[in-house]
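Me: I'd like a close look at just one part of this one, not a tour of the whole thing. Could you pick a spot and work inwards from there, keeping the jargon explained?

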Amino acid sequence: MPRPDSPDDPVVDVRGLRMAYGTNEVLTGVDLTVSAGEVVCLLGPNGAGKTTTIEILEGFRAPSAGTVRVLGKDPMRAGDAWRARVGVVLQSWRDHARWTPRRLLTQLGDYYAPYSTPERPRPYEVGWLLDTVGLTEHADRKIVGLSGGQRRRLDVAVGIIGRPELLFLDEPTAGFDPQARRDFHDLVHRLSDLEGTTILLTTHDLAEAEKLADRILILAGGRIVADGSADELGRQVAGRSEVRWACGAERFVHPTDDVVAFVRRLFEQHGGELTDLEVRRASLEDTYLAMVQRFESGARTRPVLEEVVR
Ligand SMILES: Nc1ncnc2c1ncn2[C@@H]1O[C@H](COP(=O)(O)OP(=O)(O)OP(=O)(O)O)[C@@H](O)[C@H]1O
């Protein structure tokens, strides 16, 4: 039995997780580990099982099989003290529509006060939190009158009011305008860098994943098919970089695995004639699409795909 608070223990440790809804097998053997202080992003196509995985880790859904340990406990059996250490940003806060954000956050914050420790005083101060999520101006308006993006900011505030050690964010920026998105990214960095909060998030915004995540997991076909930083994943997809150049009026494009060797040859052969040169590295979007495609084409003939990454 792992000691819950040893800094060396993984915050999330999942082995052989399986989940079926009736005959629909959504997760067929997920293994994943998240260490203290990491920001990990779970990517995957629609219906891959990201929300299902997160809900199981949150203790909101019982898995069909496998071992799940979150902060050293089985989420389905963990008590209030465990829950106070975990923050969850749900899709949208619907209760208490006639309350104000300030009242709601104050009320929810009181729930966490008994779980305050000298190392981690709980809850956050409500005024500070309202300011941090950009809701000060709307703090005393009824929740029912907030815009979609303002409600989403409130969702985030509700998720972190208890100063969680582990925070789950399921598509946190869906519906955010660019400013709200940037503010949110700053908040995630702040929680991670200053508070040491461990964060597991899902998103379909690959630029967001690249910006926020220390590590990216790709869930496809019921398993984790890729695990690494954006750069590490990129290196596993061959032919990813593209060199574009011009000789006089003629333009050329060539994909390559080894940009330096290719450009060196280019200079040796055409150095004097080159009028333009550009190296375009594949984005996380290119990598992600290539990996999911590789998985899907392989899956038609081979159900097990560990070789995609390892
Ligand atoms: N409560 C449920 N009952 C039955 N099937 C469900 C339930 N919740 C999810 N599913 C099914 O499980 C699969 C995975 O759904 P899930 O919401 O976990 O995927 P996701 O990766 O989060 O998708 P998205 O990117 O679209 O949000 C889907 O086929 C979905 O229809």
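Reply: Let's start at Glu171, which is found in the loop between strand 6 and helix 6 (helices are DSSP runs of H or I with at least four residues, strands are runs of E with at least two, all numbered from the N terminus). Before going on: this is a predicted model, where local features need pLDDT of at least 70, side-chain atom pairs count only at pLDDT 80 or more, and totals for chains, interfaces and linings use all residues. Residue numbers start from 1 along each chain as its sequence is written.

Glu171 isn't a glycine, yet its phi is positive, about 45°. Glu171 is partly exposed, with 18 other C-beta atoms within 10 Å (20 or more within that distance counts as buried, 12 or fewer as exposed, and partly exposed is in between, with C-beta atoms placed from the backbone).

The two elements flanking that loop, strand 6 (166-170) and helix 6 (178-195), are also part of what covers the buried residues of helix 5. Strand 5 (86-89), helix 3 (101-112) and helix 4 (126-132) belong to that cover too. Helix 5 itself takes in residues 148-160, and 10 of its 13 residues are buried. Among them are Arg151, Arg152 and Arg153, along with Asp155, so the buried set isn't just greasy side chains. End to end, the first and last C-alpha of helix 5 are 19 Å apart, close to the 18 Å expected (that's 1.5 Å times one less than the number of residues).

Now zoom in on Ala157, another of the buried residues of helix 5. Leaving out residues up to four places away in sequence, Ala157 touches Leu105, Leu129, Leu130, Val133 and Leu135 (contact means C-beta atoms, placed from the backbone, within 7 Å). Ala157 also shows up, with Cys41, Leu200, Leu217 and Ile218, among the residues with the most contacts inside the largest nonpolar core, a set of 68 residues (a core joins buried Ala, Val, Leu, Ile, Met, Phe, Trp, Tyr and Cys through C-beta atoms within 7 Å).

One more backbone detail comes from the covering helices: Pro123 lies in the loop between helix 3 and helix 4, and the Arg122 to Pro123 peptide bond is cis, with omega near -10°.

Finally, hold Glu171 up against Leu71, another non-glycine with a positive phi, about 50°. Leu71 sits in the loop between strand 4 (65-70) and helix 2 (80-83). Leu71 is buried, with 24 other C-beta atoms within 10 Å, whereas Glu171 is partly exposed.
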